[in-house]
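Okay, thanks everyone, I'll keep this short. Let me put the structure up and then walk you through a few parts of it.

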Amino acid sequence: MKETILSVRNLKTYFFTRRGTVRAVDDVDFELKKGECLCLVGESGCGKTVTALSILGLVDRPPGRIVGGEINYDGINLVSCLPARMRQIRGREIAMIFQDAQSALNPVFTIGDQIVEQIKLHSEKSHRQAREMAIDLLKEVGIPSPDEAASYYPHQLSGGMRQRAMIAMSLSCDPRILIADEPTTAVDVTIKAQILDIFQRLKESRQISLLFITHEMGLVSEIGDRVAVMYAGKIVEIASVTELLTNPIFQHPYTSSLIKCLPGITQERERLESIPGTVPSLIDPPSGCLFHPRCAKAMAICREKEPPPVNVTKGHTVFCHLYSAQGMKK
Ligand code: SF4
(Lines give C-alpha, C1' and ligand atoms only; values in the text may rest on other atoms or scores of the structure.)
Protein backbone atom coordinates (compact mmCIF):
# COMPACT_ATOMS: atom_id res chain seq x y z
CA MET A 1 0.00 0.00 0.00
CA LYS A 2 1.29 3.47 -0.90
CA GLU A 3 2.46 5.78 1.85
CA THR A 4 0.35 8.83 2.70
CA ILE A 5 2.06 12.13 1.90
CA LEU A 6 -0.77 14.51 2.85
CA SER A 7 -3.75 13.96 5.07
CA VAL A 8 -6.61 16.37 5.49
CA ARG A 9 -8.68 15.73 8.60
CA ASN A 10 -12.02 17.35 9.37
CA LEU A 11 -10.99 20.54 7.59
CA LYS A 12 -13.36 23.47 8.01
CA THR A 13 -12.70 26.72 6.17
CA TYR A 14 -15.35 29.37 6.61
CA PHE A 15 -15.78 32.89 5.24
CA PHE A 16 -17.28 35.45 7.59
CA THR A 17 -19.30 37.89 5.50
CA ARG A 18 -21.93 40.52 6.28
CA ARG A 19 -24.58 38.17 4.90
CA GLY A 20 -23.50 35.36 7.20
CA THR A 21 -20.95 32.57 7.57
CA VAL A 22 -20.14 30.77 4.34
CA ARG A 23 -19.16 27.17 5.10
CA ALA A 24 -17.03 26.78 2.01
CA VAL A 25 -15.24 23.66 3.26
CA ASP A 26 -17.06 21.81 5.99
CA ASP A 27 -15.53 18.75 7.61
CA VAL A 28 -13.49 17.54 4.67
CA ASP A 29 -11.40 14.43 5.11
CA PHE A 30 -9.05 12.74 2.60
CA GLU A 31 -5.55 11.42 2.10
CA LEU A 32 -3.16 11.85 -0.80
CA LYS A 33 -0.76 8.93 -1.34
CA LYS A 34 2.78 9.16 -2.67
CA GLY A 35 2.87 9.09 -6.47
CA GLU A 36 -0.91 8.95 -6.94
CA CYS A 37 -3.33 11.32 -8.62
CA LEU A 38 -6.36 12.13 -6.48
CA CYS A 39 -9.05 14.00 -8.40
CA LEU A 40 -11.23 16.41 -6.47
CA VAL A 41 -14.43 16.71 -8.51
CA GLY A 42 -17.58 18.77 -8.23
CA GLU A 43 -19.52 21.71 -9.59
CA SER A 44 -18.21 25.28 -9.35
CA GLY A 45 -18.42 26.68 -5.84
CA CYS A 46 -18.41 23.29 -4.09
CA GLY A 47 -15.21 24.06 -2.15
CA LYS A 48 -12.53 22.40 -4.30
CA THR A 49 -10.38 25.49 -4.76
CA VAL A 50 -10.85 26.62 -1.16
CA THR A 51 -9.62 23.18 -0.06
CA ALA A 52 -6.48 23.67 -2.19
CA LEU A 53 -5.93 27.21 -0.92
CA SER A 54 -6.35 25.96 2.66
CA ILE A 55 -3.60 23.37 2.11
CA LEU A 56 -1.25 26.10 0.91
CA GLY A 57 -2.24 28.62 3.60
CA LEU A 58 -3.52 31.00 0.93
CA VAL A 59 -7.08 31.60 2.13
CA ASP A 60 -7.72 35.37 2.26
CA ARG A 61 -7.96 36.33 5.92
CA PRO A 62 -10.26 38.12 6.50
CA PRO A 63 -12.89 37.17 5.45
CA GLY A 64 -11.75 33.51 5.32
CA ARG A 65 -10.31 31.38 8.10
CA ILE A 66 -9.59 27.71 8.80
CA VAL A 67 -11.77 27.16 11.84
CA GLY A 68 -11.13 23.48 12.41
CA GLY A 69 -9.29 20.35 11.40
CA GLU A 70 -5.74 19.44 10.44
CA ILE A 71 -3.67 19.27 7.28
CA ASN A 72 -0.77 16.94 7.96
CA TYR A 73 2.25 16.98 5.71
CA ASP A 74 5.61 15.46 6.59
CA GLY A 75 4.85 15.42 10.32
CA ILE A 76 3.69 19.05 10.32
CA ASN A 77 0.16 20.33 10.77
CA LEU A 78 0.02 23.03 8.08
CA VAL A 79 -2.95 24.68 9.79
CA SER A 80 -0.79 25.74 12.73
CA CYS A 81 2.62 25.88 11.05
CA LEU A 82 4.70 29.07 11.31
CA PRO A 83 4.35 31.45 8.34
CA ALA A 84 8.11 31.20 7.54
CA ARG A 85 7.94 27.38 7.32
CA MET A 86 4.74 27.62 5.28
CA ARG A 87 6.52 29.90 2.77
CA GLN A 88 9.29 27.28 2.44
CA ILE A 89 6.80 24.48 1.87
CA ARG A 90 4.80 26.50 -0.65
CA GLY A 91 6.44 26.22 -4.02
CA ARG A 92 9.37 24.11 -2.85
CA GLU A 93 7.47 21.09 -1.55
CA ILE A 94 3.86 21.73 -2.52
CA ALA A 95 3.24 23.71 -5.71
CA MET A 96 0.01 24.87 -7.28
CA ILE A 97 -1.00 25.43 -10.89
CA PHE A 98 -3.84 27.85 -11.32
CA GLN A 99 -6.67 27.69 -13.84
CA ASP A 100 -5.84 31.00 -15.46
CA ALA A 101 -2.19 30.94 -16.55
CA GLN A 102 -2.60 34.37 -18.16
CA SER A 103 -3.18 36.11 -14.84
CA ALA A 104 -0.88 33.82 -12.84
CA LEU A 105 2.13 34.77 -15.01
CA ASN A 106 3.71 38.21 -14.75
CA PRO A 107 3.11 40.01 -18.09
CA VAL A 108 6.25 42.17 -17.86
CA PHE A 109 8.82 39.37 -17.49
CA THR A 110 9.76 36.67 -19.96
CA ILE A 111 8.75 33.08 -19.24
CA GLY A 112 12.42 32.13 -18.80
CA ASP A 113 13.10 34.94 -16.32
CA GLN A 114 10.05 34.00 -14.25
CA ILE A 115 11.17 30.37 -14.00
CA VAL A 116 14.77 31.41 -13.23
CA GLU A 117 13.47 33.68 -10.47
CA GLN A 118 11.52 30.80 -8.91
CA ILE A 119 14.54 28.48 -9.04
CA LYS A 120 16.84 31.06 -7.44
CA LEU A 121 14.27 31.89 -4.78
CA HIS A 122 14.31 28.34 -3.44
CA SER A 123 17.88 27.18 -4.23
CA GLU A 124 21.54 28.23 -4.27
CA LYS A 125 21.83 27.87 -8.04
CA SER A 126 23.76 30.47 -10.07
CA HIS A 127 21.89 32.45 -12.72
CA ARG A 128 23.45 30.33 -15.47
CA GLN A 129 22.54 27.05 -13.78
CA ALA A 130 19.00 28.31 -13.14
CA ARG A 131 18.68 29.38 -16.79
CA GLU A 132 19.77 25.93 -18.00
CA MET A 133 17.35 24.30 -15.62
CA ALA A 134 14.51 26.58 -16.81
CA ILE A 135 15.14 25.53 -20.41
CA ASP A 136 15.18 21.85 -19.40
CA LEU A 137 11.84 22.34 -17.64
CA LEU A 138 10.30 24.00 -20.70
CA LYS A 139 11.51 21.04 -22.74
CA GLU A 140 10.10 18.57 -20.19
CA VAL A 141 6.61 20.07 -20.56
CA GLY A 142 6.79 19.85 -24.35
CA ILE A 143 7.42 23.47 -25.32
CA PRO A 144 9.04 23.45 -28.77
CA SER A 145 12.35 25.35 -29.15
CA PRO A 146 12.58 25.89 -25.38
CA ASP A 147 15.68 28.12 -25.73
CA GLU A 148 13.74 30.55 -27.85
CA ALA A 149 10.49 30.20 -25.90
CA ALA A 150 12.29 31.21 -22.68
CA SER A 151 12.66 34.73 -24.10
CA TYR A 152 8.94 35.10 -24.85
CA TYR A 153 6.56 37.18 -22.76
CA PRO A 154 3.32 35.46 -21.65
CA HIS A 155 1.20 37.32 -24.23
CA GLN A 156 3.38 35.90 -27.03
CA LEU A 157 2.36 32.34 -26.14
CA SER A 158 -0.88 30.52 -26.93
CA GLY A 159 -3.17 29.49 -24.04
CA GLY A 160 -1.85 25.92 -24.13
CA MET A 161 1.78 27.07 -24.15
CA ARG A 162 1.14 29.45 -21.24
CA GLN A 163 -0.35 26.57 -19.26
CA ARG A 164 2.74 24.44 -20.04
CA ALA A 165 4.96 27.33 -18.90
CA MET A 166 2.99 27.45 -15.64
CA ILE A 167 3.54 23.72 -15.18
CA ALA A 168 7.27 24.19 -15.86
CA MET A 169 7.38 26.96 -13.26
CA SER A 170 5.60 24.84 -10.69
CA LEU A 171 8.24 22.12 -11.22
CA SER A 172 11.13 24.52 -10.73
CA CYS A 173 11.72 23.41 -7.15
CA ASP A 174 10.97 19.75 -7.75
CA PRO A 175 7.88 19.68 -5.47
CA ARG A 176 6.64 16.47 -3.90
CA ILE A 177 3.00 17.49 -4.32
CA LEU A 178 1.43 19.33 -7.23
CA ILE A 179 -2.03 20.84 -6.89
CA ALA A 180 -3.56 21.55 -10.29
CA ASP A 181 -6.70 23.68 -10.13
CA GLU A 182 -8.78 23.19 -13.29
CA PRO A 183 -5.60 23.33 -15.43
CA THR A 184 -7.42 22.43 -18.64
CA THR A 185 -10.50 24.63 -18.41
CA ALA A 186 -9.24 27.47 -20.61
CA VAL A 187 -7.83 25.30 -23.42
CA ASP A 188 -9.38 23.41 -26.34
CA VAL A 189 -9.90 19.65 -26.52
CA THR A 190 -6.61 18.84 -28.31
CA ILE A 191 -4.49 20.91 -25.92
CA LYS A 192 -6.45 19.44 -23.01
CA ALA A 193 -5.38 15.93 -24.02
CA GLN A 194 -1.76 17.08 -24.35
CA ILE A 195 -1.76 18.71 -20.91
CA LEU A 196 -3.26 15.61 -19.32
CA ASP A 197 -0.49 13.62 -20.99
CA ILE A 198 2.12 15.92 -19.40
CA PHE A 199 0.64 15.31 -15.94
CA GLN A 200 0.55 11.57 -16.57
CA ARG A 201 4.24 11.62 -17.55
CA LEU A 202 5.21 13.75 -14.55
CA LYS A 203 3.47 11.33 -12.23
CA GLU A 204 5.49 8.46 -13.67
CA SER A 205 8.85 10.16 -14.20
CA ARG A 206 8.96 12.25 -11.02
CA GLN A 207 6.75 10.14 -8.76
CA ILE A 208 4.93 13.35 -7.95
CA SER A 209 1.69 13.24 -5.96
CA LEU A 210 -1.03 15.09 -7.79
CA LEU A 211 -4.19 16.68 -6.42
CA PHE A 212 -6.14 17.35 -9.60
CA ILE A 213 -9.12 19.66 -9.24
CA THR A 214 -11.76 19.55 -11.94
CA HIS A 215 -15.48 19.95 -12.57
CA GLU A 216 -15.26 17.52 -15.51
CA MET A 217 -15.91 13.95 -14.50
CA GLY A 218 -14.75 12.92 -17.99
CA LEU A 219 -11.17 13.86 -17.11
CA VAL A 220 -11.07 11.66 -14.04
CA SER A 221 -10.70 8.43 -15.97
CA GLU A 222 -7.92 10.01 -18.03
CA ILE A 223 -5.70 11.08 -15.16
CA GLY A 224 -6.96 9.90 -11.75
CA ASP A 225 -6.10 6.94 -9.54
CA ARG A 226 -8.68 7.86 -6.92
CA VAL A 227 -11.46 10.40 -6.85
CA ALA A 228 -13.13 12.45 -4.13
CA VAL A 229 -16.48 13.96 -5.10
CA MET A 230 -17.36 17.25 -3.38
CA TYR A 231 -20.78 18.80 -3.00
CA ALA A 232 -21.57 22.04 -1.14
CA GLY A 233 -18.36 22.05 0.89
CA LYS A 234 -18.39 18.36 1.77
CA ILE A 235 -16.96 15.17 0.34
CA VAL A 236 -19.86 12.89 -0.57
CA GLU A 237 -17.95 9.98 -2.07
CA ILE A 238 -14.37 8.77 -2.29
CA ALA A 239 -13.15 5.73 -4.21
CA SER A 240 -10.66 4.46 -6.74
CA VAL A 241 -11.48 5.69 -10.24
CA THR A 242 -12.04 2.12 -11.45
CA GLU A 243 -14.45 1.36 -8.60
CA LEU A 244 -16.32 4.62 -9.01
CA LEU A 245 -16.79 4.29 -12.74
CA THR A 246 -17.41 0.56 -12.97
CA ASN A 247 -19.49 -0.13 -9.88
CA PRO A 248 -22.58 2.09 -10.26
CA ILE A 249 -24.51 0.00 -7.71
CA PHE A 250 -22.82 1.92 -4.91
CA GLN A 251 -22.59 5.35 -6.51
CA HIS A 252 -23.72 8.44 -4.64
CA PRO A 253 -26.72 9.94 -6.51
CA TYR A 254 -24.75 13.17 -7.01
CA THR A 255 -21.85 11.27 -8.57
CA SER A 256 -24.28 9.48 -10.89
CA SER A 257 -25.66 12.87 -11.96
CA LEU A 258 -22.15 14.22 -12.58
CA ILE A 259 -21.30 11.22 -14.72
CA LYS A 260 -24.46 11.71 -16.77
CA CYS A 261 -24.12 15.47 -17.09
CA LEU A 262 -20.48 16.47 -17.26
CA PRO A 263 -18.45 16.38 -20.44
CA GLY A 264 -15.96 13.69 -21.25
CA ILE A 265 -12.82 14.64 -23.08
CA THR A 266 -14.38 14.24 -26.51
CA GLN A 267 -18.00 15.17 -25.78
CA GLU A 268 -19.48 18.43 -26.87
CA ARG A 269 -21.13 20.73 -24.38
CA GLU A 270 -24.19 21.28 -26.60
CA ARG A 271 -25.38 17.71 -26.03
CA LEU A 272 -25.03 17.74 -22.27
CA GLU A 273 -27.81 17.73 -19.71
CA SER A 274 -27.52 19.54 -16.41
CA ILE A 275 -28.33 18.48 -12.86
CA PRO A 276 -31.81 19.81 -11.95
CA GLY A 277 -31.94 22.48 -9.25
CA THR A 278 -29.17 24.69 -7.95
CA VAL A 279 -26.24 24.32 -5.59
CA PRO A 280 -27.52 25.15 -2.07
CA SER A 281 -26.62 28.25 -0.12
CA LEU A 282 -23.53 27.65 2.00
CA ILE A 283 -24.77 30.34 4.42
CA ASP A 284 -28.11 28.70 5.09
CA PRO A 285 -27.70 25.10 3.90
CA PRO A 286 -30.60 22.62 3.81
CA SER A 287 -31.10 20.24 6.71
CA GLY A 288 -29.96 16.63 6.56
CA CYS A 289 -28.27 15.64 3.31
CA LEU A 290 -27.26 18.81 1.45
CA PHE A 291 -28.14 17.15 -1.86
CA HIS A 292 -31.71 16.23 -0.87
CA PRO A 293 -33.46 19.15 -2.66
CA ARG A 294 -31.97 17.90 -5.97
CA CYS A 295 -31.93 14.16 -5.35
CA ALA A 296 -34.42 11.95 -7.19
CA LYS A 297 -33.86 9.21 -4.58
CA ALA A 298 -34.39 11.38 -1.47
CA MET A 299 -36.22 9.73 1.44
CA ALA A 300 -37.73 11.20 4.61
CA ILE A 301 -34.56 10.55 6.58
CA CYS A 302 -32.54 12.53 4.02
CA ARG A 303 -34.28 15.75 5.06
CA GLU A 304 -33.61 15.12 8.74
CA LYS A 305 -30.21 13.54 9.21
CA GLU A 306 -26.82 14.18 7.71
CA PRO A 307 -25.74 10.90 6.08
CA PRO A 308 -22.84 9.15 7.80
CA PRO A 309 -19.88 7.72 5.86
CA VAL A 310 -20.55 4.16 4.71
CA ASN A 311 -17.71 1.92 3.50
CA VAL A 312 -19.54 0.14 0.70
CA THR A 313 -16.45 -1.73 -0.53
CA LYS A 314 -12.76 -1.56 0.40
CA GLY A 315 -11.52 2.00 -0.13
CA HIS A 316 -14.95 3.17 -1.31
CA THR A 317 -16.83 5.46 1.05
CA VAL A 318 -20.23 7.00 0.29
CA PHE A 319 -22.10 9.55 2.39
CA CYS A 320 -25.66 8.55 1.54
CA HIS A 321 -28.60 7.09 3.46
CA LEU A 322 -29.26 4.66 0.63
CA TYR A 323 -26.34 2.64 1.93
CA SER A 324 -26.55 3.34 5.67
CA ALA A 325 -28.27 1.15 8.22
CA GLN A 326 -30.93 3.85 8.72
CA GLY A 327 -31.60 4.18 5.03
CA MET A 328 -33.32 1.94 2.57
CA LYS A 329 -30.94 -0.52 0.87
CA LYS A 330 -30.99 -0.41 -2.92
FE1 SF4 B 1 -30.11 11.39 -2.02
FE2 SF4 B 1 -30.73 10.82 0.49
FE3 SF4 B 1 -28.49 9.87 -0.55
FE4 SF4 B 1 -28.74 12.45 -0.01
S5 SF4 B 1 -28.74 10.79 1.47
S6 SF4 B 1 -27.91 11.59 -1.84
S7 SF4 B 1 -30.87 12.81 -0.50
S8 SF4 B 1 -30.58 9.36 -1.18
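Quick bit of vocabulary before we start: when I say contact, I mean heavy atoms within 4.5 Å. And keep in mind that what's on the screen is a predicted model.

With that in hand, let's start with one residue, Ser257. You'll find Ser257 in helix H11, which covers residues 253–261. So, is Ser257 buried or exposed? Its relative accessibility is 17%, and the cut-off for buried is under 20%, so Ser257 counts as buried. Who does it touch? If we skip the neighbours within four places in sequence, Ser257 is in contact with Ile275 and Phe291. Its side chain also reaches back to the backbone oxygen of Pro253, at 2.9 Å. And for those who like C-alpha distances: Ser257 and Cys295 sit 9.2 Å apart in space, with their positions 38 residues apart in sequence.

Now zoom out to the sheet behind that helix. Eight strands make an open sheet with mixed pairing, in the order E6-E7-E8-E3-E9-E10-E12-E11. Strand E6 (94–97) and E11 are at the edges with a single partner strand each, so one side of each has no neighbour in the sheet. On average, neighbouring strands here are turned by 20° against each other, ignoring direction.

Within that sheet, E10 and E12 pair antiparallel over two bridges, and Glu237 has Val318 in E12 as its bridge partner. H11, our serine's helix, packs on this sheet and touches strand E3 (37–41), E9 and E10, with its direction at about 105° to that of E9. Then there's helix H7 (residues 159–170), lying across E6 and strand E7 (177–181) and running at about 170° to E6.

There's another open sheet too: four strands, antiparallel, ordered E2-E1-E4-E5. Strand E2 (20–33) and strand E5 (76–77) are the edge strands, each with a single partner, so each has one side without a neighbour in the sheet. E1 (residues 4–17) is joined to E2 by 11 bridges, and one pair to look at is Tyr14 with Arg23 in E2.

Last stop, the largest pocket. How big is its volume? About 850 Å³. It's lined by 38 residues, and those nearest the centre are Asp29, Ile235, Ile238, Thr317 and Phe319. Elements giving two or more residues to the lining include E1, strand E9 (226–231) and strand E10 (234–240). The largest share, seven residues, comes from E2.

That's my tour, happy to take questions.

Terms used
Residues numbered from 1 in each chain as written. Predicted model: local features only at pLDDT ≥ 70, side-chain atom pairs only at ≥ 80, totals over all residues. Heavy atoms only, no water. Pairing = 2+ DSSP bridges. Buried < 20%, exposed > 50% of the residue type's maximum accessible area, 1.4 Å probe, protein only. Polar contact = N/O pair within 3.5 Å; in protein donor to acceptor, adjacent residues only side chain to side chain. 1 Å grid on protein atoms, 1.4 Å probe; cavity = no way out; pocket = protein on both sides within 12 Å on 5 of 7 lines; lining within 4 Å. Points joined across faces, edges and corners; volume = space filled by probe spheres on them. Axes fitted to C-alpha atoms, helices over the stretch in contact; angles between N-to-C directions.
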